[in-house]
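Dear colleague,

I am passing on the structure we spoke about, so that you can look through it at your own pace. My notes on what was found follow below it.

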Amino acid sequence: MHLSRLTLRHFRNLGTQDLELPPEGVAIIGDNAQGKSNLLEAIYYLETFRSFRGARDDQLVAFGEGVFRVTGELVAVDGSEQPAAQVAAAYEKKGKRKKVTVDGVEPERVGDALGRVAAVVFSPADVELVSGGPSVRRRYLDIVLSLSAPGYLHALQEFRKILVRRNAALKDGQPGAVVMAWDHGLVRSGAAVVEARRDWVQSRCRAFDEYYSAVSGGVGARMAYRSSVHLDGARGEQDIAEAYRDALVASSEREQRNGTTVVGPHRDDVVLRLEDEGDDLDLRDYGSGGQRRTAALALRLVEARTIRETRGREPMILLDDVFAELDGGRSERVLGLMEREETGQVVLTAPKEGDIRIRRDALPRWRIADGRVAA
Ligand code: ATP
Ligand code: MG
């Protein structure tokens, strides 16, 4: 499967354009602020129906316009001309309305349309995955798992809904019984979220380590799920639910004092550590810029691998000028990895021709200026 056609209307500065993308992908060259990241943002919007840069939908509508629309056509790699799927998304600023369709049909929930493009974005801002606060890493897990684990998104949404109500009760100083009325649902949905996250992190820890050392050319790194609920010995969802219930009981005084729920998946984190001559250093606190970028790349590579494993498709790789900040050795090794791993279509952006390092001769060059793409 690859994205064969991308139609844009009033998405950021991209105007109205109809682009035909080659199956192998394309390298897009343009000066700063011409629309390179905007274009990748538009493509990835069809994967998650959100901005990968964390922008609100209304910010994606071109200045002075009321609605944006992005449409993508995905076709089978074997070259059959028949579009295998069409994914479209539109957002209307005034009514704050988002409409998503797959093959012209609006799914019951937007969540049902997620992940059709099977894409991963690599961006310089990814370093935040390592340097940023726990919420950034939770968001990473939530996206990866929403796209790969059946039922995850539903459990997460359920958990969030209940959490909001429970927190409102705590904030209002409602009696314990009112707060506790939410516990059953909170524990059930929360345990499902925690289990999926923990299992994913555990089962991908090895791959993360391998990618990290492949890029660093030396030492490895580890990732571990750190839960605010004590999970020692908790095996399945049932065990986790019990541990969560115990943790709620144990924290009830603290949550009344703080007026909010203090344990659960909304307080969890992924710890990323560097193995350094027997020492175990938290990359967030002790990693150099390059080490953090390497760990962020490794997380994206694990994400791409998850797509390959769970969706049985070669991931589409969107590279937003990512080699700008890595040293020569590291860039070469990342490139080697990306060439070795089975990746599908590649869309990469760079300010200069010389910055194109992947599939150097295989990718056609397009230019972008003032939002207009020209082959
Ligand atoms: P760099 O090389 O610096 O990363 P870039 O080519 O990736 O640059 P983008 O981030 O894609 O640049 O585009 C930035 C441009 O898009 C800016 O000029 C900005 O003003 C414009 N822009 C952003 N949002 C909108 C919008 N909603 N409507 C119109 N233009 C917008
Ligand atoms: Mg950019």
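**Helices, sheet and pocket**

In this predicted model, helix 11, which covers residues 289-311, lies across strand 7 and strand 11, and runs at about 175° to strand 7. Helix 1 (residues 36-48) lies across strand 3, strand 7, strand 11, strand 12, strand 13 and strand 14, and its direction makes an angle of about 150° with strand 11.

The strands just named belong to an open sheet of six, with mixed pairing and the order 7-11-12-3-13-14. Strand 7 (119-122) and strand 14 (372-374) are the edge strands, and because each has a single partner strand, one side of each is left without a neighbour in the sheet. From one strand to the next, the twist averages 20°. Within the sheet, strand 3 (residues 25-29) is paired with strand 13 (residues 365-369) in the parallel sense over three bridges, and alanine 27 has arginine 365 of strand 13 as its bridge partner.

The largest pocket holds about 1000 Å³ of space. It is lined by 41 residues, of which Arg50, Ser51, Arg139, Tyr140 and Ile143 are the closest to its centre. Helix 1 and helix 11 appear again here, since the elements that give two or more residues to this lining include both of them, while helix 4 gives the most, with nine residues. By class, the lining has 17 nonpolar, 10 polar and 14 charged residues, and at least three residues come from each of domain 1 (1-118 + 315-332 + 343-375) and domain 2 (124-312).

With best wishes

Terms used:
Residues numbered from 1 in each chain as written. Chains lettered and ligands numbered in written order. Predicted model: local features only at pLDDT ≥ 70, side-chain atom pairs only at ≥ 80, totals over all residues. Heavy atoms only, no water. Pairing = 2+ DSSP bridges. Helix = DSSP H or I, 4+ residues; strand = E, 2+ residues; numbered from the N terminus. Axes fitted to C-alpha atoms, helices over the stretch in contact; angles between N-to-C directions. Contact = heavy atoms within 4.5 Å. 1 Å grid on protein atoms, 1.4 Å probe; cavity = no way out; pocket = protein on both sides within 12 Å on 5 of 7 lines; lining within 4 Å. Points joined across faces, edges and corners; volume = space filled by probe spheres on them. Nonpolar A, V, L, I, M, F, W, Y, C, P; charged D, E, K, R; others polar. Domains from an automatic or database assignment.
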